[in-house]
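Colleague: I should like to learn how the features of a structure are read. May we go through one example together?

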Amino acid sequence: MFDKSTWIRLPRNVVVGHGVLSETLDAVEELHLTGRPLVVSSPTPYEVAGTRVIDQFADAGYDPDDIIVDEASFDAVQSVISHAEDVDAGFLLGVGGGKAIDITKMAADHLGKGFVSVPTAASHDGIVSGRGSVPEKDTRHSVAAEPPLAVVADTEILAQAPWRLTTAGCADIISNYTAVRDWELAHRLKNVPYSEYAGALSQMTAEMLVENADSIKRNLEESSWIVVKALVSSGVAMSIAGSSRPASGAEHLFSHQLDRIAPGAALHGHQVGVGAIMTEYLHSGPQGRWRDVRDALAAIGAPTTAAELDIDRDTVIEALTTAHEIRDRYTILGDGMSEEAAVEAATVTGVV
Ligand SMILES: NC(=O)c1ccc[n+]([C@@H]2O[C@H](COP(=O)([O-])OP(=O)(O)OC[C@H]3O[C@@H](n4cnc5c(N)ncnc54)[C@H](O)[C@@H]3O)[C@@H](O)[C@H]2O)c1
Ligand SMILES: O=P(O)(O)OC[C@@H](O)CO
Ligand SMILES: [Zn+2]
């Protein structure tokens with residue numbers, strides 16, 4: 001008997017383009033969301049977009065409230081949950097980078113309330129995904145969370161954000177190459193469930209971004225358009241998979257470990273990009289495609305070395321040799337790299 005079943009939870013409205021922040025109210029009303037809007041944001045995104053979202057709802061007769069968060073932690077999620085309960089929020093809007101959006105989708109999930117994603121930077125592919133990423137002690141959780149009912153991605157705002165945030169988003173997408181390779185490996189070796197559809201979509205998204213690298217340029221709003229569409233597509237791949245597997249392999253484990261050892265050193269996307277150069281080397285050897293990964297990152301101006309991440313050699317080696325411990329996710333790192341092998345991989349690829 002065929003007894004498989006799956007839920008693919010996707011946004012209903014994905015609104016992308018110049019000035020679309022002013023259509024946030026329309027995108028929400030079309031969903032028939034009711035009650036008090038709660039805007040969850042971090043300091044700069046609040047100034048850049050949060051106040052304008054609040055004004056829209058206030059002018060339309062809603063009674064919006066807001067809360068500022070700063071870090072991706074379970075404490076921050078709890079503070080949003082408590083605040084939402086105190087003010088009797090009807091639905092939540094996450095306005096900001098990856099951390100603010102992750103916190104909002106996890107709080108919305110706990111509360112059983114609708115969630116709307118309003119990215120202010122094209123820096124990560126959590127814009128659409130139904131996953132939240134939270135560090136806790138020695139580990140990093142990938143938590144099932146409320147996927148957005150609507151996404152409002154204003155390319156005017158995304159283009160005005162610091163350029164490094166956009167190159168971080170590109171690198172988060174380029175890392176899909178190695179994430180899919182790790183996923184296929186885990187499927188073959190450990191019988192981890194694999195979705196051909198999600199894997200193909202994730203890989204195609206990375207390929208399209210790399211093919212369009214010439215059009216991804218500072219001060220060009222079309223760049224934000226290309227990158228945000230790729231970020232949406234990657235998030236859809238995660239929703240189809242029901243996990244972050246299509247977009248998170250060993251290169252992400254390396255980055256998560258860096259977050260523990262050298263917190264705040266570099267952006268998530270930049271870290272996973274550098275990680276992908278080394279894990280592609282591990283997959284395909286010295287003559288393999290790690291140079292293609294490195295060149296694709298370099299073409300869009302993302303870091304390709306530890307120095308560009310502002311991370312020293314020893315930290316890279318420590319992160320490489322311990323990355324397999326952070327999560328129960330089988331990857332090319334297997335049960336761990338020896339120090340000698342880590343030095344070899346980081347040196348041959350020019351990361352250190
Ligand atoms: N849930 C998922 O599927 C998923 C996917 C990718 C990344 N992530 C998570 O997202 C986080 C990384 O996202 P991030 O790189 O956006 O980090 P972040 O949320 O810390 O944002 C980086 C900085 O950019 C600022 N910023 C955002 N928009 C700005 C703007 N318009 N102008 C000026 N500054 C602006 C933020 O306030 C913050 O200080 C990590 O925690 C990562 O694990 C989650
Ligand atoms: O599940 P994690 O490893 O947090 O990955 C999510 C996201 O960063 C993928 O780009
Ligand atoms: Zn990522």
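Colleague: How many nonpolar, polar and charged residues does the shell around ligand 1 have?

Modeller: Please note that this is a predicted model. The shell around ligand 1 is made up of 12 polar residues, 7 nonpolar and 7 charged. Of its 26 residues, Thr120, Ser123, Ser129, Arg131 and Arg140 come nearest to the ligand.

Colleague: Which helices and strands each supply at least two residues of that shell?

Modeller: They are helix H2 (43-59), helix H4 (98-111), strand S6 (131-136) and helix H6 (163-174). H4 gives the most, with 4 residues.

Colleague: Which polar contacts does ligand 1 have with the protein?

Modeller: A polar contact is read here as a pair of N or O atoms within 3.5 Å. Among such pairs, a backbone N or O atom of Arg131 is 2.7 Å from a nitrogen atom of ligand 1. An oxygen atom of ligand 1 lies 2.8 Å from a backbone N or O atom of Gly98, and an oxygen atom of the ligand is 3.3 Å from an N or O atom in the side chain of Ser42. Taken alone, ligand 1 exposes 860 Å², of which the protein buries 85%.

Colleague: How is ligand 2 surrounded, by class of residue?

Modeller: The shell around ligand 2 has 7 polar, 3 charged and 1 nonpolar residues. Among the residues around it are Asp125, Asp172, His252 and His256. An oxygen atom of ligand 2 lies 2.8 Å from an N or O atom in the side chain of Arg327, and for the side chain of His268 the corresponding distance to an oxygen atom of the ligand is 3.0 Å. The protein buries 93% of the 300 Å² that ligand 2 exposes when taken alone.

Colleague: Let us turn to the sheet. What is the order of its strands, and is the pairing parallel or antiparallel?

Modeller: In general, strands of a sheet pair through backbone hydrogen bonds, in either a parallel or an antiparallel sense. Here an open sheet of 6 strands has the order S1-S8-S5-S4-S2-S3, with parallel pairing. Strand S1 (13-17) and strand S3 (65-68) stand at the edges with a single partner strand each, so one side of each has no neighbour in the sheet. The twist from one strand to the next averages 15°.

Colleague: Over how many bridges do S1 and S8 pair?

Modeller: S1 and strand S8 (residues 150-154) pair over 5 bridges; Gly17 stands opposite Asp154 in S8.

Colleague: Across which strands does H2 lie?

Modeller: H2 lies across strand S2 (36-41), S3, strand S4 (89-96) and S8, and runs at about 140° to S4. Helix H3 (residues 74-86) also packs on the sheet, where it touches S2, S3 and S4.

Conventions
Residues are numbered from 1 along each chain as its sequence is written. Chains are lettered from A and ligands numbered from 1 in the order in which they are written. This is a predicted model: local features need pLDDT of at least 70, side-chain atom pairs count only at pLDDT 80 or more; totals for chains, interfaces and linings use all residues. Side-chain values use heavy atoms; hydrogens and water are left out. A residue is near a molecule or strand if one of its heavy atoms lies within 4 Å of it. A polar contact is a pair of N or O atoms within 3.5 Å; within protein, one must be able to donate a hydrogen and the other to accept it, and residues adjacent in sequence count only if both atoms are side-chain atoms. Accessible areas come from the Shrake-Rupley method with a 1.4 Å probe; for residues, only the protein chains shown count as cover. Ala, Val, Leu, Ile, Met, Phe, Trp, Tyr, Cys and Pro count as nonpolar, Asp, Glu, Lys and Arg as charged, and the others, Gly among them, as polar. Two strands pair if DSSP finds at least two bridges between them. Axes are lines fitted to C-alpha atoms, for helices over the stretch in contact, and angles run from 0 to 180 degrees between N-to-C directions. Contact means heavy atoms within 4.5 Å.
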